Amino acid sequence: MAELLVPKIIGELGDVAVKQLGAKVNLVMGVEEEVANISSKLATIEKVLHDAERRRLKDRSVGIWLEKLEDITYEMDDVLDEWNFKIHRAKNEGTSQNARMQPTLRNKVRSFIPSLCSCLKQVPVRSDIAQKIKKINEQLELTLKEADQFKFITSGGIPDSQDFQRIMTTSIIDELEVYGRAADMEKVLDQILSKSSSQGRDGVQIISVVGAGGSGKTTLAQLLFNIDKVKNHFELRNWICISDPFDQKRVAKAILENAGKSSHEAELDPLIRRIKETFSGKRFLLVLDDVWTEDDSKWKPFKDSLKDGAPGSVILVTTRSHRVATVVGSTDTHDLGMISHSDCWLIMQKIALARKSGDLCKKVERIGQKIAEKCKGLPLAAKTMGSLLRFKDTVQQWQNVLDSEIWQLEEAAVDLFPHLYLSYNELSPELKRCFSYCAVFPKDVGINVEELIRLWIAQGYVRPRRRGERLELVGREYFNNLAMRSFFQGLQKYGHEYGECMMHDIVHDFAQFLTKNECHALDGIGRNSSSERPRHLTILGGTEEEMFSSPVVDFGRLRSFFAFSAIGIVVPQNIFCSLKRVRTLTLSHCELAEIPAATGCLIHLRHLDLSSNPFVTLPEAICDLYYLETLDIGFCGKVSCLPERIEGLVHLRHLENVATHELRQIPQGLRKLTSLCSLTRFIVRCNSDDLAILKDLNQLEILGIKIEGEVDFGSAELGKKVNTRDMYLLFSNGTHFIETPSCIETMEPPPNLEKLELDGNPGAQLPSWLVTKSHADNLTRLVIARARNISSLPALWKLSSLEVLTPSHHSQLK
């Protein structure tokens, strides 16, 4: 982390000093020597960080030194936040003039901080921040002296940016075939089919596939699940991913829903009874993938409810533990071993040698086979190594991978990590941190890619290569780079971009291992605990006392706090007062009836997710969150208004407020949030000028508008919004157009629109601009919903880029 934070702080030290001088604010002056020394020390440390990070896992003393340095850099990051915030607040209080510096002067200041500070010596010191700066300088002095004992090798620090560009131009390889599992397939298929009713065996058979993480248990189960013989043999097939912790109600609901049954019951007993009714008398195959729990009491209700299945019914369990196989009462157990070295090589070469010259393939074959041996028969390792080697175009590069000392890491307690270290070690500091931060998610949880990128941005991991570059685009490149290297799986595309992904268990374990001193998970029994001084906390379960009274967690130190929704966590109100340094706060589905005013004191907060909570209002104090970038109140069905002082959220980029049905009006201050990129629900009242609020919001990429009657789209100037790619127009029930042509007909849409949804259009025809204006040529997805008065569609075939057309609920359409 220090490898990422140090250069960031060096740059921001100059920026905040420039900002203060340009604003003529009398804050934190008289510390010019301290600031200059900090900048100089950090520049010296930056040169050895690459070597320090390389040695961190093999040399515990180096790891401890880096942890001390990270503590200091985190503290400096917080101080810079406070400094910037107080400059902003002082300006707003009218204590200074809003002057600006020329860009040339800015560059001079950043390159020579002492010259800037020397001209300000006569200005009084702001003692609180000044004292923190002095303390940090003293700590850095000690840290720099300690570094001498390690004899670090000086390097260029951050990898050359051209390497990143080269990687981004590489194509993603097609999905791999499965190698080396023919015998396993035949044996387990025989267990599933032959040892059933044909042999007169009564009762439900429980077959467990046991193997190490990443060995292909899930892949084998998926292959079996989709074989025609299996499809034809069973009346009902059901696939459930169990994972850890074993939540009985979640599993029960999933079993019912996958069987096509609704599951609104809140208690376990009626759910179990419905499972019994659904499966009794039917020959079924139920796959329970990735079972961890060794608690027989949690499994017994399911076993009892399924025992009355028709003869030949099978429960197929995949697990890493033989104890689990015993607990579930397995009638057959199949141990899934490793595949052969030759099969590992087949997997590797399919990825690594694609589109490479035949001459190179011959030269590296011997080296590649030796690398395949180091995969130790693990299919996931072979796939990851192949992804790494496909970027190696010389024999020497392949030899360097073979000779890598990372394979000998004794500290990687699990034998599954070495292959991941090789791919991880080649990432830039930004990509390393973005990947390892994924440890905050529970296993087997679908990850929304847009949200993930916003979380990276909130933590400061996404660094633009040039001033003004859109952070979301840089974050998208980061994600695509990691996806190409097989750090994510289950990739689902929404249009041309990945919309959702998952992490394989082993990859997730690896991320947890990398962040064991920073990420901490509470599940009520401490089993997922890893760090004694965490900075990122994930709540997975347990009582309120177990979750929020943990002696391990210093809440005032946290930079991320996640309470995930599946377990119905109730968060105490006083938690807001404790999270003094938090950047990311996710409290979705936490039954929050009120958002306390204390939230406005979390000055470092960038990402606030309050979605799916029953609160009615947001406190005005929330508008004091100067750094807030994302505010998610989606599916807060009772929220009735947004704060009147919303213009105070000057850095807000994403306002997610979809399905806020009681929200009737948008405050006028929203017009000043010119950084806004996402606005998912904007209400336009009949015969109002509400749309004028959108006039200057030209950074909008996603825009949802609810139309409640005849409105004037001209005041929104949508035609000037060149960044808008996704627009949703919802006409409320009862909307009718008085004028002819209607307002939707006279609207000038954004010129680069790619996705458009028209929901409830009350007119007799769709707007002609869909097919007659050239700026609609970029449209790839068009959804027309509830257009009951439309009897025919215009010549949509003229839209040359259209890929998806979805008409729905059209009573008149022919």
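Let's start with one residue, Asp609, which touches Glu451, Leu585, Thr586, Leu587, Ser588 and Asp632, leaving aside residues up to four places away in sequence. Asp609 sits in strand β13, which runs over residues 607-609. Here's the curious part: Asp609 is buried, yet it has no salt bridge. The nearest side chain of opposite charge belongs to Arg454, and that is 9.0 Å away. A salt bridge needs a side-chain nitrogen of Lys or Arg within 4 Å of a carboxyl oxygen of Asp or Glu. Keep in mind as you look around that this is a predicted model.

Now zoom out. The protein chain has 28 helices and 21 strands. Of its 814 residues, 54% are buried. The accessible surface of the chain comes to about 35,400 Å², and carbon and sulfur atoms account for 48% of that. What about who touches whom? Take the contacts in the chain with a separation of 6 or more: 64% of them are between residues 24 or more positions apart.

Leu189 gives you a small example of contacts to follow. You'll find Leu189 in helix α9, residues 182-193. Leu189 counts as buried because its relative accessible area is 15%, and the cut-off for buried is under 20%. Leu189 touches Ser194, Leu224, Ile227 and Val230, again not counting residues up to four places away in sequence. Pick out Ile227 from that group: Leu189 and Ile227 are 38 residues apart in sequence, while their C-alpha atoms are 9.2 Å apart in space.

Back to charges. Side chains of opposite charge can pair when their charged atoms come close. How many salt bridges does the structure hold? There are 47. In one of them, the side chains of Asp77 and Lys8 meet, with N and O 2.9 Å apart. Asp77 lies in helix α4 (residues 60-92) and Lys8 in helix α1 (residues 2-23), so this pair ties together parts that are 69 residues apart in sequence. Asp77 is buried at 4% relative accessibility, and Lys8 is buried too, at 18%. Both residues belong to a network of salt bridges whose members also include Glu12, Glu75, Asp78, Asp81, Arg559, Arg581, Arg583 and Arg606.

Helix α4 turns up again in another pair. The side chains of Asp128 and Lys86 meet in a salt bridge, at 2.4 Å from N to O. Since Asp128 lies in helix α7 and Lys86 in helix α4, the pair ties together parts 42 residues apart in sequence. Are these two residues buried or exposed? Asp128 is partly exposed, at 32% relative accessibility, whereas Lys86 is buried, at 14%.

For a salt bridge between loops, look at Arg645 and Glu620, whose closest N and O atoms are 3.7 Å apart. This pair links distant parts of the chain: Arg645 is in the loop between β14 (630-632) and β15, Glu620 is in the loop between β13 and β14, and they are 25 residues apart. Arg645 is partly exposed, with a relative accessible area of 36%, and Glu620 is partly exposed as well, at 31%.

Next, let's walk along helix α17, residues 358-374. At 1.5 Å a residue, its 17 residues should span 24 Å, and the end C-alpha atoms are indeed 24 Å apart. Even so, α17 bends by about 50° at Glu365. Its buried residues are Leu360, Cys361, Val364, Ile367, Gly368, Ile371 and Ala372. What covers them? The cover includes α16 (341-352), α18 (379-389) and α19 (395-402). After α17 comes Lys376, which has a positive phi, near 55°.

Helix α24, residues 505-514, is worth a visit too. Eight of its 10 residues are buried, so the helix is largely enclosed by the rest of the structure. Among those buried residues are Asp505, His508 and Phe513.

Finally, two loop residues. Lys151 has a positive phi of about 50° although it isn't a glycine, and Ala659, another non-glycine, has a positive phi near 60°. Lys151 sits in the loop between α7 (127-147) and α8 (161-168), and at 67% relative accessibility it counts as exposed. Ala659 is in the loop between β15 (654-656) and β16 (678-685), and at 14% it counts as buried.

Key. Residues numbered from 1 in each chain as written. Predicted model: local features only at pLDDT ≥ 70, side-chain atom pairs only at ≥ 80, totals over all residues. Heavy atoms only, no water. Helix = DSSP H or I, 4+ residues; strand = E, 2+ residues; numbered from the N terminus. Expected span 1.5 Å × (residues − 1). Bend = angle between axes of the 7 residues up to and from the residue. Buried < 20%, exposed > 50% of the residue type's maximum accessible area, 1.4 Å probe, protein only. Contact = heavy atoms within 4.5 Å. Lys, Arg positive; Asp, Glu negative; His and termini not counted. Areas by Shrake-Rupley, 256 points an atom, 1.4 Å probe, with all protein chains shown as cover.
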